[in-house]
Amino acid sequence: MESGLSLALSAEHERAETADRRVGSVTGNVRTVLAIDVIDALRGVDDPEYPGVSVVDMGMIASAEVADRRATVELITTFSGCPAHDVITTDIVAAVGALDGIDHVEVRRSTERWDTARLSDHARAVMTREFTVSVALPGKPTECPRCGAAALVEQSPFGPARCRAVHRCGACGEVVEVLRS
Ligand SMILES: [Zn+2]
């Protein structure tokens with residue numbers, strides 16, 4: 001008896017859900033869900049310079065929208081001319097385009113300016129721990145990722161990537177890349 005009741009309830013629930021979905025696609029409810037799905041997909045797209053740090057953690061996503069099975073992602077570029085951006089754009093199109101219900105993906109460049117304050121705590125932690133990259137924050141001394149001393153001295157404004165400068169720690173001597181704000 002009880003299982004019969006729960007079966008009936010679940011069938012009822014399923015019908016209600018189907019109806020919701022149908023209404024949603026008309027009213028735009030589904031768009032909200034899909035925008036979240038797009039963000040979830042973007043969490044799987046890493047910055048090629050920092051494997052393990054997604055473009056979401058990098059603070060590079062200004063917005064994600066879905067309308068009529070088309071996804072539009074606004075990307076904040078960390079540094080103009082950074083060659084990683086072409087790779088990132090290709091990866092975003094692949095990841096979002098793989099979502100059920102998305103037929104087309106457009107990646108636009110946002111006019112918003114990226115700065116290091118947009119990085120998530122996770123991104124900051126991974127950079128310090130895995131890449132010996134310190135993050136410069138406006139108005140704050142940059143700390144050495146090895147010893148923690150705020151004693152970094154700039155050696156060269158151009159590191160291996162345009163967005164990073166090479167510093168040396170005056171306390172421990174470690175060569176540190178600093179992600180500029
Ligand atoms: Zn140090």
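Reader: Before we start, what makes two strands pair here?
Author: Two strands pair if DSSP finds at least two bridges between them. Strands (E, at least two residues) and helices (H or I, at least four) are DSSP runs, numbered from the N terminus.

Reader: Great, and what sort of model is this?
Author: This is a predicted model, where local features need pLDDT of at least 70, side-chain atom pairs count only at pLDDT 80 or more, and totals for chains, interfaces and linings use all residues. Residues are numbered from 1 along each chain as its sequence is written.

Reader: So how many bridges join β6 to β9?
Author: Three bridges do, and β6 runs parallel to β9 (residues 175–179). Ser134 stands opposite Val178 in β9.

Reader: In what order do the strands of that open sheet come?
Author: The order is β6-β9-β8-β7, four strands with mixed pairing. β6 and β7 (152–156) are at the edges with a single partner strand each, so one side of each has no neighbour in the sheet.

Reader: Nice. Which strands does α4 lie across?
Author: α4 lies across β6 and β9, at about 150 degrees to β6. Axes are lines fitted to C-alpha atoms, for helices over the stretch in contact (C-beta atoms, placed from the backbone, within 7 Å), with angles from 0 to 180 degrees between N-to-C directions.

Reader: Switching topic, where is Thr132 found?
Author: In the loop between α4 (121–131) and β6 (133–135). Thr132 is not a glycine, yet its phi is positive, about 50 degrees.

Definitions and conventions:
Contact = placed C-beta atoms within 7 Å.
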